[in-house]
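Work through the exercises below with the sequence and the model side by side. Try each task before reading its solution.

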Amino acid sequence: MLDSIMAFLAHWGITALSLWVASFIFHGISFTNKKSLLISALLLGFANAVIRPVIIILTIPLTLISFGFFLLVINALMLLLVSTLVPGFRISGFWTAFFASIVITILGIFAGMLIFQSEENLLNTPPAHQGVMV
């Protein structure tokens, strides 16, 4: 139980950090305060877990015709959806959301690889130094 709560908080933090970094890279993304950033990260995680799979299933023909590139459009639409629902989170347009979703995904993957190194431990720490004989 504690592991799943820690995993949830870690994913939420990674999403919030990725959104925050994207707001520095893209001038069309802004947050009025920390609360809007945290709510946006939480709602984006919910949208990606619940709404996105349904949309992917409904748009399988478009995804196949576009060789999977339509998934990038779906990611951008999830960001735009969250920006319309959260007061204090603003995205200037579709193309900003499109490229920001790519950056957010890449940052999330790299941060997740650093934090979730194995399935046994949520946060892996290096073993204590035992002294190396050369």
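The exercises that follow concern a predicted model, and each task comes with a worked solution.

**Exercise 1. The overall layout**

Task: State how many helices and strands the protein has, and in which pattern they follow along the sequence.

Solution: Start with the count. The secondary structure amounts to 5 helices and 2 strands. Next, read along the sequence: the pattern is α-β-α-α-α-β-α. Then look at burial and surface. The protein has 134 residues, of which 30% count as buried. About 9000 Å² is exposed, and carbon and sulfur atoms supply 75% of that area. Last, turn to the contacts between residues at least 6 apart in sequence: 63% of them join residues at least 24 apart.

**Exercise 2. Checking helix lengths**

Task: Compare the span of H4, H5 and H1 with the span expected at 1.5 Å a residue.

Solution: The expected span is 1.5 Å times one less than the number of residues. Take H4 (residues 70–85), which has 16 residues and should span 22 Å; its end C-alpha atoms lie 23 Å apart, in agreement. For H5, with 22 residues, the expected span is 32 Å, and the 31 Å between its end C-alpha atoms agrees. H1, with 24 residues, reaches 35 Å from its first C-alpha to its last, close to the expected 34 Å.

**Exercise 3. What covers the helices**

Task: List the buried residues of H1, H4 and H5, and find the elements that cover them.

Solution:

1. In H1, the buried residues are Ala10, Ile14, Thr15, Ala16, Ser18, Leu19, Ala22 and Ser23. The buried residues of H1 pack against S1, H2, H4, S2 and H5.
2. In H4, Phe70, Ile74, Asn75, Ala76, Met78, Leu79, Val82 and Ser83 are buried. Their cover includes H1, H2, H3 (60–65), S2 (89–91) and H5 (94–115).
3. In H5, burial applies to Thr96, Ala97, Phe98, Ala100, Ser101, Ile104, Ala111 and Gly112. H1, S1, H4 and S2 are included in what covers the buried residues of H5.

**Exercise 4. The largest nonpolar core**

Task: Which residues touch the most other members of the largest nonpolar core?

Solution: The core has 21 residues, and Leu19, Ile29, Leu79 and Phe89 touch the most other members. Its residues come from several elements: H1, S1 (29–31), H2, H4, S2 and H5 each supply at least two. Now follow Leu19, leaving aside neighbours within four places in sequence. Leu19 is in contact with Phe31, Leu37, Ser40, Ala41, Leu44, Leu79, Phe89 and Ile104.

**Exercise 5. Three residues of one helix**

Task: Decide whether Leu44, Ile55 and Lys35 are buried, partly exposed or exposed.

Solution: The cut-offs are under 20% relative accessible area for buried and over 50% for exposed, with partly exposed in between.

- Leu44 is found in H2 (residues 34–58). Its relative accessibility is 5%, so Leu44 counts as buried. Beyond residues up to four places away in sequence, Leu44 touches Thr15, Leu19, Met78, Leu79 and Val82. Leu44 and Ala16 are 28 residues apart in sequence, with 9.4 Å between their C-alpha atoms.
- Ile55 also lies in H2. At 26% relative accessibility, Ile55 counts as partly exposed. With residues up to four places away not counted, Ile55 touches Ile74 and Met78. From Ile55 to Met78 the separation is 23 residues in sequence and 10.0 Å from C-alpha to C-alpha.
- Lys35 is in H2 as well. A relative accessibility of 60% makes Lys35 exposed. Lys35 and Val86 are 51 residues apart in sequence and 9.9 Å apart in space, C-alpha to C-alpha.

**Exercise 6. Nonpolar residues at the surface**

Task: Which residues form a nonpolar patch on the surface, and which helix gives the most to the patch?

Solution: The patch is formed by Met1, Leu2, Ile5, Met6, Phe8, Leu9 and Leu42, with about 720 Å² of accessible area together. H1 (residues 2–25) gives the most, with 5 residues. Met1 lies in the segment before H1, and Met1 is exposed with a relative accessible area of 78%.

**Exercise 7. A backbone angle**

Task: Is phi of Phe67 positive or negative?

Solution: Begin with the general rule. Most residues other than glycine have a negative phi. Phi of Phe67 is near 55 degrees, a positive value. Phe67 lies in the loop between H3 and H4. At 74% relative accessibility, Phe67 counts as exposed.

Methods: Residues numbered from 1 in each chain as written. Predicted model: local features only at pLDDT ≥ 70, side-chain atom pairs only at ≥ 80, totals over all residues. Heavy atoms only, no water. Helix = DSSP H or I, 4+ residues; strand = E, 2+ residues; numbered from the N terminus. Buried < 20%, exposed > 50% of the residue type's maximum accessible area, 1.4 Å probe, protein only. Contact = heavy atoms within 4.5 Å. Patch = residues over 30% accessible without salt bridge, like charges linked within 9 Å, V, L, I, M, F, W, Y side chains within 5 Å. Areas by Shrake-Rupley, 256 points an atom, 1.4 Å probe, with all protein chains shown as cover. Salt bridge = Lys/Arg side-chain N within 4 Å of Asp/Glu carboxyl O. Core = buried A, V, L, I, M, F, W, Y, C linked by side-chain atoms within 4.5 Å.
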